[in-house]
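Welcome, and please open your viewer. This tour goes from one selection to the next, with a short note at each stop.

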Amino acid sequence: MYFDYLNALVFASVGFVFVFINVIIGSIIRPRRKGTQGLEVYECGEETLGDAWIKFDIRYYTVALVYVIFAVEIGFLFPVFGVFGDIVSGQTSTIGNLALVHVLVFVVVLFFGLVAVWAKGDLDWVMTYKAREWEPSRPRRLPLARTVADLEEEQSATDDPSGDDTDEGTTSEGAEAPATA
Amino acid sequence: MNLMALEAATTGNAFTELLGGIAPEGTPTWALWLGAAGAGVGILVAFVSLVAMFSVWLERKVSAHIQCRYGPMYAGGWHGWAQTLADGVKLLLKEDMIPLGADKPLFMLAPALVLGAIFGALVALPLAPGFFFADVNMGLFLILAFSSLTTIGVVMAGWASNSKWSLYGAMREAAQVVAYEVPLGVSLFVPLMVAGTFSLTEASAAQSGWFGMHWFIFQNPFMLPAFIIFFIAALAETKRAPFDLPEAESELVAGFMTEYSGIRWSFFFMEEYAAMFLMSAVGAVFFFGGYHSPLTALFPEEATTGLLYQLVCAGTLIFKSFVGVFVMMWLRWTLPRLRIDQVMSMGYKYLTPLALVCVLGAAIWETIFA
Amino acid sequence: MDDKLQKPFYAALGVITLGLLGWGAASAGAQGIAFGLFTALTLGGSLICVWERSVVRSAFSLMGTFTGVAGLFLLLGADFLAVAQILIYVGGILALILFGVMLSPPDLAERKLSRVLGGLALMLGAVAWVGSKVAGTVAWATTDELPEPTTKVDEIGVAFLDPEGYVVPFELAAMILTVALVAAVYIARRKASDLTDPRAEERA
């Protein structure tokens with residue numbers, strides 16, 4: 001057992017190191033050109049506005065929450081189903097068909113949980129939250145090229161109040177927040 | 001070196017055995033293990049690189065022919081077979097760019113994490129009866145765990161880039177993989193029940209009967225729906241179309257890898273193709289007979305330890321995996337991309353309940369008929 | 001944390017890692033190296049977690065902690081627990097933490113050196129206190145080799161379904177998971193309503 005997992009560990013570290021080896025080889029053999037133009041964050045040719053480290057939407061959180069529960073369930077059921085066939089055929093245990101009842105109860109109970117969450121509408125994706133405008137409580141360390149607030153001042157009152165958030169619906173420091181009426 | 005002495009003597013790993021046959025008497029076991037690990041590592045790196053290179057070439061060819069084009073035709077001569085090789089050299093020679101606003105350490109760490117996870121997952125895959133890197137007792141569970149590790153690498157890449165495109169792509173990737181890991185795991189309970197083992201080696205060996213067609217997919221009526229669910233979830237796990245929202249090029253530029261270029265970028269590509277291959281291989285092992293086919297059944301009993309048999313077995317599994325990879329490529333040019341809310345509702349509202357129903361049905365079937 | 005302290009901190013971390021690896025190799029050979037590696041991952045991950053200024057970096061560093069703990073489980077012969085640890089903690093809980101962290105304002109929290117050091121001292125003190133209480137009373141099993149693990153994952157599966165084994169806890173786990181699912185999602189939904197713009201009415 002230890003040998004097999006050791007192999008897994010060795011291979012994972014090889015994959016890890018492989019990347020850095022290639023990067024180093026590349027840095028040795030490639031021609032050197034210095035320039036800063038390419039180092040800007042890509043924004044479709046426009047000047048880069050602010051940074052992307054924004055407050056993200058809660059709907060992703062719900063998805064991950066449901067996953068954690070089901071990951072634990074998978075963890076419980078994996079060993080059970082690995083031996084299920086042997087148990088019901090009476091090879092490894094004397095429980096026999098009672099095993100089916102136990103498994104049925106387990107899965108059906110979890111199924112009810114899924115149904116309950118579904119019925120409450122928590123599995124629905126499109127829930128339009130209006131995000132609160134966020135202001136940094138302390139001055140930020142990272143340099144900002146130009147904040148969204150600057151931009152809004154420049155093109156004052158051109159915002160459409162019905163600004164929809166069809167996609168992720170996140171706000172980049174109030175970029176998509178409802179405009180003040 | 002008691003840790004290795006314990007195992008190296010008992011393992012059926014082909015490299016250890018091969019080296020044990022060649023090495024002079026009295027070679028310490030740790031040297032044998034080191035040799036076996038070295039050979040395994042060399043083979044694995046070469047294998048993953050070859051699979052990725054061939055897959056990239058295949059992808060370009062398949063997409064070209066579906067669109068009535070030729071695709072790459074010049075590099076190397078015959079149908080542009082060396083195109084990926086040339087691309088690889090080009091990528092190695094490209095400028096190594098890290099955006100100014102990026103989180104530099106995480107930016108450099110992310111591709112390594114992603115590739116390390118996929119290499120670790122490939123350990124559990126047996127290509128032929130004696131041709132495996134490690135006979136992990138819980139191979140399937142290990143593959144699931146390692147493939148969930150790649151998600152963290154992708155989120156890291158997206159966040160460290162400090163680009164809006166990257167962040168959106170990374171968050172979508174995380175949400176999507178998290179949502180589809182559930183039906184993936186649950187649908188695999190069905191073959192697990194039939195196989196009675198987590199080890200991919202044992203599962204492959206169990207499917208040899210009746211001209212090598214004693215495949216799990218024929219063992220239980222719930223296997224086919226389980227496979228369909230598995231395949232859809234595998235598409236989402238490997239971020240292939242129609243689930244390629246994390247790198248949707250028409251809306252997110254390149255998703256989480258927008259800021260990556262050159263050799264660093266190529267590792268994400270390598271991971272994607274290795275993951276496609278791995279998922280197809282897991283499907284082949286747990287649904288379609290592993291390395292068994294009528295061709296391997298032709299070998300008489302005493303020939304099944306020979307090298308030729310091993311090679312035919314490995315060829316069979318690789319062929320089956322590439323059939324899966326081809327179907328994934330075919331789907332990419334057939335189906336339009338889904339929306340994020342469609343992806344999410346499909347994962348939790350349709351695939352997960354269906355997979356649970358499949359598992360219950362299969363459990364009842366196993367109890368009554370098997 | 002002050003950026004000037006960044007380099008010394010990571011240098012110290014590297015020294016600690018090397019020290020652990022060397023100590024493991026010297027005292028217990030190959031499995032000592034493995035133990036040193038996993039300990040370094042666990043400790044390093046958690047130290048970076050309290051050190052780093054950016055919360056997201058802190059969250060990512062937890063990955064090292066979780067993986068290291070999985071490795072320690074593995075060395076104890078609990079391979080199922082180790083893989084489950086990676087699947088659930090790194091795949092699930094870490095993703096959850098990342099989403100949670102990204103929910104909070106992306107402010108770079110200042111961490112005062114005195115506070116970090118104070119926390120560290122407190123932690124070391126607690127460990128020393130518990131250690132001094134436990135040291136004499138527990139008979140630690142020591143061994144030079146890792147024994148072949150006796151519990152296989154198949155036995156776990158059988159024990160889960162055995163009426164004389166753990167079938168009641170197994171079914172209870174299903175109930176608890178269901179309750180947790182419904183409740184957690186409910187709480188998350190309540191939080192979601194907080195997200196609606198509080199100044200919307202004023203504006204209207």
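Start by selecting chain A. Among its contacts with a separation of 6 or more, 64% join residues 24 or more positions apart. The chain has four helices and zero strands, so follow its cartoon from one end to the other and you should read α-α-α-α. Of the 181 residues in chain A, 39% are buried.

Before going further, a word on confidence. This is a predicted model, and the predictor gives the complex an ipTM of 0.77 and a pTM of 0.81.

**Chain C, coloured by pLDDT**

Select chain C next. Its average pLDDT is 77, and 78% of its residues score at least 70. Look for helix α2 (residues 55–75) of chain C, where the confidence of this chain is highest, at a mean of 87. Then find helix α7 (residues 200–203) of chain C, where it is lowest, at 53. Where pLDDT is low, the predicted coordinates should not be read in detail.

**Where chain B meets chain A**

Now show chains A and B together. Here 81 residues of chain B are in contact with 64 residues of chain A. Which helix of chain B gives the most to this side? Select helix α16 (residues 340–369) of chain B, which contributes 15 residues. Colour the side of chain B that touches chain A by class, and you will find 52 nonpolar, 17 polar and 12 charged residues.

**The two domains of chain B**

Keep chain B and give two colours to domain 1 (11–93) and domain 2 (94–369). Their centres, taken over C-alpha atoms, are separated by 19 Å. Across the boundary, 20 residues of domain 1 of chain B are in contact with 22 residues of domain 2 of chain B. On the domain 1 side, α3 (29–66) and α4 (83–93) of chain B each supply at least two residues. The largest share, 12 residues, comes from α3(B). By class, this side of domain 1 has 12 nonpolar, six polar and two charged residues.

**Helix α6 and the residue after it**

Select helix α6 (residues 139–161) of chain B. At 1.5 Å a residue, its 23 residues should span 33 Å, and the end C-alpha atoms are 34 Å apart, which agrees. Is this helix enclosed or open? All of it is buried, 23 of 23 residues, so α6(B) is largely enclosed by the rest of the structure.

Step just past the helix to N162(B), which has a positive phi of about 60° although it is not a glycine. N162(B) sits in the loop between α6 and α7 (164–187) of chain B and is buried, with 23 other C-beta atoms within 10 Å.

For another positive phi in a residue other than glycine, go to K239(B), at near 50°. K239(B) lies in the loop between α11 (223–237) and α12 (249–252) of chain B, and is buried with 26 other C-beta atoms within 10 Å.

**The nonpolar cores**

Finish with the largest nonpolar core, which has 203 residues. Select F11(A), A64(A), L122(B), V190(B), A274(B) and L278(B), the members that touch the most others. Helix α2 (residues 59–88) of chain A supplies the largest share of this core, 21 residues. Another core, of seven residues, lies apart from it and includes L20(C), A30(C), F35(C) and L41(C).

Last, zoom in on V190(B). Leaving aside neighbours within four places in sequence, V190(B) is in contact with N220(B), F222(B), M223(B), A226(B), C358(B), V359(B) and A362(B).

Notes:
Residues are numbered from 1 along each chain as its sequence is written. Chains are lettered from A and ligands numbered from 1 in the order in which they are written. This is a predicted model: local features need pLDDT of at least 70, side-chain atom pairs count only at pLDDT 80 or more; totals for chains, interfaces and linings use all residues. Two residues are in contact if their C-beta atoms, placed from the backbone, lie within 7 Å. Ala, Val, Leu, Ile, Met, Phe, Trp, Tyr, Cys and Pro count as nonpolar, Asp, Glu, Lys and Arg as charged, and the others, Gly among them, as polar. A residue is buried if 20 or more other C-beta atoms lie within 10 Å of its own, exposed if 12 or fewer, and partly exposed in between; C-beta atoms are placed from the backbone. The expected span of a helix is 1.5 Å times one less than its number of residues. pLDDT is the predictor's confidence in each residue, from 0 to 100. A nonpolar core is a set of buried Ala, Val, Leu, Ile, Met, Phe, Trp, Tyr and Cys residues joined through C-beta atoms within 7 Å. Domain bounds come from an automatic or database domain assignment.
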